[in-house]
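Student: Hey, got a few minutes to go through a structure with me? I'd like to ask things as they come up.
Tutor: Sure, pull it up and fire away.

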Amino acid sequence: MNGLSTLLERASARRHALSRDELVALLGLAAPGEIAALRAAAYAVKVRHSGRLVSLRGIIEMGNVCAKDCYYCGIRKGNDCVGRFELDEEAVLRAVRRNIDLRYGSLVLQSGEIASEKHTAFIERILRKIDELGGGAIGVTLSLGEQSEETYARWRAAGAHRYLLRIETSSPELYAKLHPADHSFERRVDCLRLLRKCGYQVGSGVMSGLPGQTLDDLAGDILFFRDLDLDMIGMGPYIPHHDTPLGRDIPFTPDYAADHLRLGLNMIAATRLFLHDVNIASTTALQALADDGREQGVLAGANVIMPNITDTEYRRSYQLYENKPCLDENAEQCRFCLERRLAAIGETINWGARGDSPHYAARLGE
Ligand code: SAH
Ligand code: SF4
């Protein structure tokens, strides 16, 4: 690509400095030398904002019961092949204590989408217990789907700091192809606004490499992140699941893995170069495509990793996509493995720190 180094210099010097077409050009890079330059520039911006440090959040997969039917997801309501589970309070708190012992500093509670007073109150109780167990020092992220403003406000008051709700794609047309008619794009965007209003650090993101998705759609996603002034980005490659309408006929081949890994990493790098000071997660889906996918994500500009701390017995029932890694390694094994892997790329774990988004601090200070 002509002028790549000038473009990367401009993007590194100032956030929001790229046009939509320039984002498309970066996302489409495929030559090894050009990809290396893109990743190196994005990594330098990451180091400028968060050092050679990676912040961890232990993720607790609380249950796979879901009211929704997203066409891509392995735990969608319509998938009869999956046995359903919900962790009880004691099992969740066991994982919370594990997170504290492992000194991960933050945790994420994630599950399928459930909207009921019983569930809202259950989460509230868990949040209060986490606050007690961690002496108020643990960063708590929720990833529990679309809820009412009242529910978001109650969970925030009970101690949650951050919320992750991926928009999945910022193109309403593509969104409509990936979801049944009663799943509303506008409602999802409204939820992101409500979360901001309720005082959360707000995170969103998309899947890359979806059938029918173009590079221009992905560039639009990055502009959407800017327009919503997000604090955190969680993106990952789309990985087919064979018990879903979208993934049924997509073969998961080595070429699929290589292409989708490259695109996922380009997306992280372009997002880092455009937004600069947000937290960006290097997600497990990258690791499903390559053993060292998460480390590659960090070297492309991500600064957060979310190791699984759910009891291993439940992990097989929480497969949003196939080929999910680390189904059998327990949390302690994952901790050592991750520490070793990150040390090998010259990164250190930000032990015990909440690792809040620098962008959130900046926008509160404005
Ligand atoms: N139910 C909540 C949280 C759990 S799903 C919600 O939907 O917000 C978490 C994320 O998993 C989704 O946002 C989606 O982006 C991702 N996901 C689902 N199926 C996937 C697949 N086949 N490949 C990659 N990511 C997937
Ligand atoms: Fe449910 Fe989330 Fe999967 Fe959609 S992506 S079916 S909301 S768990």
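Student: Let's start with Asp-277. Which residues does Asp-277 touch, not counting residues up to four places away in sequence?
Tutor: One caution before that: this is a predicted model. In it, Asp-277 touches His-49, Arg-272, Ser-357, Pro-358, His-359 and Ala-362, with residues up to four places away in sequence left out.

Student: Where is the place of Asp-277 in the chain?
Tutor: Asp-277 sits in a loop, the one between α10 (254-275) and β8 (279-282).

Student: And is Asp-277 buried or exposed?
Tutor: Buried. The relative accessibility of Asp-277 is 10%, and the cut-off for buried is under 20%.

Student: With which side chain does the side chain of Asp-277 make a polar contact?
Tutor: With the side chain of His-359, at 2.9 Å. His-359 is also among the residues that Asp-277 touches.

Student: How far apart in space are Asp-277 and Arg-315?
Tutor: From C-alpha to C-alpha they are 33 Å apart, with their places 38 residues apart in sequence.

Student: Ok, zooming out. How many helices and strands does the chain have?
Tutor: There are 15 helices and ten strands. The radius of gyration is 19 Å, close to the 21 Å that the globule rule gives for 366 residues, so the chain is as compact as a globular protein of that length.

Student: What does the chain span along its principal axes?
Tutor: The C-alpha trace spans about 55 × 45 × 40 Å.

Student: What share of the residues is buried?
Tutor: Buried residues make up 60% of the 366 in the chain. As for the outside, the accessible surface comes to about 14300 Å², and 51% of that belongs to carbon and sulfur atoms.

Student: What about contacts between residues at least 6 apart in sequence, what percentage join residues at least 24 apart?
Tutor: That would be 74% of those contacts.

Student: New topic: ligand 1. Which residues come nearest to ligand 1?
Tutor: There are 17 residues around ligand 1, and Tyr-72, Ser-111, Arg-166, Glu-168 and Ile-239 come nearest.

Student: What kinds of residues are in the shell around ligand 1, nonpolar, polar or charged?
Tutor: A mix: nine are nonpolar, four are polar and four are charged.

Student: Which polar backbone atom is 2.8 Å from a nitrogen atom of ligand 1?
Tutor: One that belongs to Ile-239. Tyr-72 also has a backbone N or O atom 3.0 Å from a nitrogen atom of ligand 1. Then there's Arg-188, where a polar side-chain atom lies 3.1 Å from an oxygen atom of ligand 1.

Student: How much of the accessible area of ligand 1 does the protein cover?
Tutor: On its own, ligand 1 has 540 Å² of accessible area, and the protein covers 92% of that.

Student: And which residues surround ligand 2?
Tutor: Ligand 2 is surrounded by Cys-66, Lys-68, Cys-70, Tyr-72, Cys-73, Ile-75, Arg-76 and Gly-112. That shell divides into five nonpolar, one polar and two charged residues.

Student: Asn-64 caught my eye. Where is the place of Asn-64?
Tutor: Asn-64 is in the loop between β1 (53-63) and α4 (89-101). Its relative accessibility is 0%, so Asn-64 counts as buried.

Student: What does the side chain of Asn-64 reach at 3.0 Å?
Tutor: The backbone oxygen of Gly-83. Leaving aside neighbours within four places in sequence, Asn-64 has contacts that include Ile-75, Val-82, Gly-83 and Tyr-318.

Student: Is Ala-13 exposed or buried?
Tutor: Exposed, because the relative accessible area of Ala-13 is 65% and the cut-off for exposed is over 50%. Ala-13 is placed in helix α1 (residues 4-13).

Student: Last one. What is phi of Asn-323 near?
Tutor: Phi is near 70° there, a positive value in a residue other than glycine. Asn-323 is in the loop between α13 (312-315) and α14 (331-344), and counts as partly exposed at 41% relative accessibility.

Student: And what is phi of Cys-326 near?
Tutor: For Cys-326, phi is near 60°, again positive in a residue other than glycine. Cys-326 is found in the loop between α13 and α14 and is partly exposed, with a relative accessible area of 23%.

Key. Residues are numbered from 1 along each chain as its sequence is written. Chains are lettered from A and ligands numbered from 1 in the order in which they are written. This is a predicted model: local features need pLDDT of at least 70, side-chain atom pairs count only at pLDDT 80 or more; totals for chains, interfaces and linings use all residues. Side-chain values use heavy atoms; hydrogens and water are left out. A residue is near a molecule or strand if one of its heavy atoms lies within 4 Å of it. A polar contact is a pair of N or O atoms within 3.5 Å; within protein, one must be able to donate a hydrogen and the other to accept it, and residues adjacent in sequence count only if both atoms are side-chain atoms. Accessible areas come from the Shrake-Rupley method with a 1.4 Å probe; for residues, only the protein chains shown count as cover. Ala, Val, Leu, Ile, Met, Phe, Trp, Tyr, Cys and Pro count as nonpolar, Asp, Glu, Lys and Arg as charged, and the others, Gly among them, as polar. Helices (H or I, at least four residues) and strands (E, at least two) are DSSP runs, numbered from the N terminus. Buried means under 20% relative accessible area, exposed over 50%, partly exposed in between (1.4 Å probe, protein chains only). Contact means heavy atoms within 4.5 Å. The radius of gyration is taken over C-alpha atoms; the globule rule is 2.2 Å times the number of residues to the power 0.38.
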